[in-house]
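Visitor: I would like to understand how the terms used for a model like this are earned. Could you take me through them, starting with the ligand?

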Amino acid sequence: MSYDVFVVGGGPSGATAAEDLARAGKRVALLDRAGRIKPCGGAVPPRAIKDFAIPDALIVAKVDVARMISPTGRSVDIHIENGYVGMVDREHFDEFLRVRAAGAGADRLTGTYLRIERDAAGTHVVWRDKASGNEVRSLTRLIIGADGARSVVARDEVPGGDTIPYVIAYHEIIKAPAANKDYDPNRCDVIYDGRISPDFYGWVFPHGDQASVGMGTGVDGVDLKQATAALRASSGLTGCETIRKEGAPIPLKPLDRWDNGRDVVLAGDAAGVVAPSSGEGIYYAMLGGRVAATAAQACLASGKARDLKLARKLFMKDNKTVFKVLRSMQDAYYKSDERRERFVSLCHDVDVQKLTFEAYMNKKLVAARPLAHLKIGVKNVAHLMGWVKPSWV
Ligand SMILES: Cc1cc2nc3c(=O)[nH]c(=O)nc-3n(C[C@H](O)[C@H](O)[C@H](O)COP(=O)(O)OP(=O)(O)OC[C@H]3O[C@@H](n4cnc5c(N)ncnc54)[C@H](O)[C@@H]3O)c2cc1C
């Protein structure tokens, strides 16, 4: 069997790319190695639910409050107006996306990507079939590398693909307690505290009868398990049964190039695309899959490899500014407990809440009232220059 596009990786980015291509009538393969649940907090914004038609049945919790907690234990509850953050279990979510892609016509393959070979007949993806253990060579015109953080396709094919910076995120899936003074099944807690993470944050995300409790860091030598134990203790979750313990890298910076100028384009974590500050990657992975599919179609139609560049171009057109703002926020406020304290103070401001939540929920940087922008700007400067106390709101 020969393909128009061979998609390596069946996470949110690869499954979305394969589905879009299959719906467009292309011969598409979707290869996933299977057998492992992607470690993930599973929070998805309404924009993702809408744009990628995520069915309500996959949403295991609907979160309407985000609680930001400072190093000194001060907290601010941000109420989510007109909507909710959906929580998905990746075990079922990813499988649903792969089944949907296959239903649209993608050829679903289970096995491990090994390498790409090129000869007079064209480009081949060489992969090991899980059922038989045999090496298989599949002829294809194009390849989408959607094999996640530390992508082998990116490492082998795209300049810089092996040097993307990462934080390591670790979480424990626990049996959720009944609602109590510390735990609310409709609330996400985000913990900014250097004892939990010296450079990122910790979280408690509800998932129906389970919850994800974890943290991320790019600092070597941090004991992730100890930090998570401390987080569980401070959140009153020590006694809950632990179902799984797992970790994975989160890339921190989109690659400058997503294609190899020939026949490969990357999508999702493989391209380094996760939002700074939040570590949000599911929506961006699905969008990455979609723009990679668009670029692949353009390239198949024109025969011009440079059309693969369209993927990054389309993505950055809508998201470059948000990524820049989030990066500056992380650089400014995640570096010390004093700054984290100030960050939580800023979150008390209703206009800051509105702006950040609109950016997260709907992926739009809204033009708020000019005076609100001015006020936020002044507060920012006052905190960053140290003109006010860290707790000043
Ligand atoms: C602990 C943690 C918590 C997170 N929490 C959130 C959150 O709450 N919300 C959010 O939006 N994002 C979160 N993220 C980020 C999010 O999980 C990723 O950005 C997202 O999964 C990226 O999707 P992807 O399809 O690009 O890659 P992945 O989801 O990693 O999918 C890659 C796929 O490729 C397959 N694969 C890999 N190598 C091979 C190979 N050699 N052969 C065949 N198949 C292969 C894998 O099996 C996998 O299915 C979190 C990440 C971590 C680590």
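Guide: Let us start with P12: one of its polar backbone atoms is 3.2 Å from an oxygen atom of the ligand. This is a predicted model, in which local features need pLDDT of at least 70 and side-chain atom pairs pLDDT 80 or more, while totals for chains, interfaces and linings use all residues. Residues are numbered from 1 along each chain as its sequence is written, and side-chain values use heavy atoms, with hydrogens and water left out.

Visitor: What makes the approach of P12 to the ligand a polar contact?

Guide: A polar contact is a pair of N or O atoms within 3.5 Å; within protein, one must be able to donate a hydrogen and the other to accept it, and residues adjacent in sequence count only if both atoms are side-chain atoms. The P12 distance is 3.2 Å, so the pair falls within the 3.5 Å limit. An N or O atom in the side chain of D32 is 2.6 Å from a ligand oxygen, and a polar side-chain atom of D269 lies 2.7 Å from a ligand oxygen.

Visitor: How do you know how much of the ligand the protein buries?

Guide: Accessible areas come from the Shrake-Rupley method with a 1.4 Å probe; for residues, only the protein chains shown count as cover. Taken alone the ligand exposes 1,000 Å², and the protein buries 93% of that.

Visitor: Which residues count as surrounding the ligand, and what kinds are they?

Guide: A residue is near a molecule or strand if one of its heavy atoms lies within 4 Å of it. Here 33 residues surround the ligand, with S13, D32, G41, Y113 and D269 the closest. They divide into 14 nonpolar, 12 polar and 7 charged, where Ala, Val, Leu, Ile, Met, Phe, Trp, Tyr, Cys and Pro count as nonpolar, Asp, Glu, Lys and Arg as charged, and the others, Gly among them, as polar. β8 gives the most to this shell, with 3 residues; helices (H or I, at least four residues) and strands (E, at least two) are DSSP runs, numbered from the N terminus.

Visitor: Why is the pair of Y284 and F315 called edge-to-face?

Guide: A search of the whole structure finds 17 aromatic pairs. Rings of Phe, Tyr and Trp (its six-membered ring) pair if their centres lie within 6.5 Å; planes under 30 degrees apart count as stacked, over 60 as edge-to-face and the rest as tilted. The rings of Y284 and F315 have centres 6.0 Å apart and planes at 65°, so this pair is edge-to-face. Y284 lies in helix α6 and F315 in helix α7 (residues 310-333), so the pair ties together parts that are 31 residues apart in sequence.

Visitor: Which elements supply at least two residues each to the lining of the largest cavity?

Guide: They are β2 (28-32) and β8 (107-119). β8 gives the most to that lining, with 3 residues. The lining divides into 3 nonpolar, 1 polar and 3 charged residues.
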